[in-house]
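Q: Could you take a close look at a single part of this structure and explain carefully how that part fits with what surrounds it?

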Amino acid sequence: MTQPVLDVRDLATTFKTEDGLVRAVNGLSFTVEAGTTLGIVGESGSGKSVTSLSIMRLIPQPPGRIERGEVYFKGEDLLKKSEAEMRKIRGRDIAMIFQDPMTSLNPVLTVGEQIAEATRLHLGYSKADAMAKAVDMLRLVKIPAAEKRIRDYPHQFSGGMRQRVMIAMALSCDPAVLIADEPTTALDVTIQAQIIELMNEMQQRLGSAIILITHDLGVVAETCKNVLVMYGGNMVEYGSADDIFNRPKMPYTMGLLESLPRLDAAGERLVPIEGQPPNLLHMPPGCAFAPRCRFKMPICDEPIALYDFGAGHVARCALYDERAAGQAVR
C-alpha cells in the first residue's frame with residue numbers, strides 16, 4: 001500500500017453565528033495517495049469547500065474554528081503547525097485553485113508578476129528567473145504568446161484563460177497536493193473539458209495528488225480514483241469511483257446518480273432528490289438525509305455508523321444495520 005501524501009482524520013470545523021453553532025464539517029476522514037485524484041461531491045452547503053479551507057488552515061478565526069482532528073501531510077500534522085510554518089507550506093507543498101479566478105487574481109498586478117511571486121517567495125528565484133519560469137508555466141497551460149501575455153492584467157483574459165493562469169500559479173512550485181475547488185464553474189463545456197485535461201496532464205507530469213471538489217459527476221467518473229460523498233457536513237459514502245458509480249450503497253449517492261441525464265435514457269424524466277438540504281443549525285438526531293430518503297425507517301432517527309463493504313468502500317446508512325430487519329420502510 002502506497003503511503004498517503006495526505007491523511008485526514010476526524011476533521012471537524014464549526015462556525016459561531018448569531019443563531020447558534022454551525023457544524024460545517026463533522027468528523028471527516030480520508031486519504032489521498034501521490035499521483036491520484038480524490039473527488040469530493042455533494043450539494044452546496046455540504047461542507048466541501050470548508051474541508052479544503054480547513055486543510056489549508058484558511059478558516060477565518062473567528063467565527064470559524066477547527067474543533068478537532070488531524071491533517072497529516074507527509075507524516076506531519078498541519079493543524080499543529082504555526083502560521084509561519086503554514087505560509088511556507090501553502091503554495092509550495094499544497095496549492096489551491098479557487099472557485100472564481102477573477103476574485104482570486106489581483107486586478108492591479110500583471111499575471112506574470114503573480115505567477116513569479118510564488119517562485120520568488122518559496123524557491124528563492126531571482127526576479128529574472130521567476131519571470132522566465134512564469135513564461136514557461138503559461139506555455140505549459142497552453143496560453144498562446146506567453147512572452148507577451150505575462151505583461152497583461154487579469155481583466156484582459158477570458159474566464160477559461162484566467163483559470164489556466166490560476167493553474168499555472170498553483171503548479172509553479174511543483175506542489176505535492178493540488179486542491180481544485182470547482183475549477184470548471186461558470187465555464188462552457190468545451191473549456192471545462194480543456195481545463196480537466198490540462199489538470200490531468202499536469203498530474204502525470206508532476207505526480208501531484210489532486211483533491212477535486214465539484215458538482216459535476218461526469219468529471220469525477222472520468223478523472224478520479226476515489227470519491228467522497230458529503231451531506232450535511234458528514235461523509236456519507238466513500239470508495240473507488242467504480243464502487244460509487246456502479247455499486248452505490250447510500251440512498252443519497254443513489255439519488256445523485258439517478259438525477260444525472262443519460263444518453264441511453266432519452267425521453268425518460270430525470271429523478272430529482274425531493275426536499276431541501278438540512279439546516280446545519282438544526283441537524284436531525286440521526287441520519288441527516290432521512291427526511292428526504294425514500295427508505296426512511298424508525299432506526300434512521302438514531303446515530304448511524306459507517307458500514308464497511310470491503311476494499312475501502314464505506315457508507316453511513318441504517319439499511320445495513322442488523323436492527324433494521326423487519327422495520328417498515330416509509
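A: What follows is a close look at one helix and at the pocket it helps to line. The model is a predicted one, and the part chosen here is helix H4, which covers residues 111–123. A simple check on its length comes first: at 1.5 Å a residue, the 13 residues of H4 should span 18 Å, and because the C-alpha atoms at its two ends are 18 Å apart, the expected and the computed spans agree. Just after the helix comes Gly124, a residue with a positive phi, near 75 degrees.

Turning to its surroundings, the buried residues of H4 are Val111, Gly112, Gln114, Ile115, Ala116, Ala118 and Thr119, where buried stands for a relative accessible area under 20%. These buried residues pack against three other helices, namely H5 (127–140), H6 (146–149) and H7 (159–171).

H4 also takes part in the largest pocket, which has a volume of about 560 Å³. That pocket is lined by 20 residues, and those closest to its centre are Arg90, Gly91, Phe98, Ala118 and Met169; Ala118 is also one of the buried residues of H4. At least two residues of the lining come from each of strand S6 (94–97), H4 and H7, but the largest share, five residues, is supplied by H4. Sorted by class, the lining of this pocket holds twelve nonpolar, five polar and three charged residues. Helix H7 therefore appears twice in this picture, since the buried residues of H4 pack against H7, and H7, like H4, supplies at least two residues of the lining of the largest pocket.

Notes
Residues numbered from 1 in each chain as written. Predicted model: local features only at pLDDT ≥ 70, side-chain atom pairs only at ≥ 80, totals over all residues. Heavy atoms only, no water. Helix = DSSP H or I, 4+ residues; strand = E, 2+ residues; numbered from the N terminus. Expected span 1.5 Å × (residues − 1). Buried < 20%, exposed > 50% of the residue type's maximum accessible area, 1.4 Å probe, protein only. Contact = heavy atoms within 4.5 Å. 1 Å grid on protein atoms, 1.4 Å probe; cavity = no way out; pocket = protein on both sides within 12 Å on 5 of 7 lines; lining within 4 Å. Points joined across faces, edges and corners; volume = space filled by probe spheres on them. Nonpolar A, V, L, I, M, F, W, Y, C, P; charged D, E, K, R; others polar.
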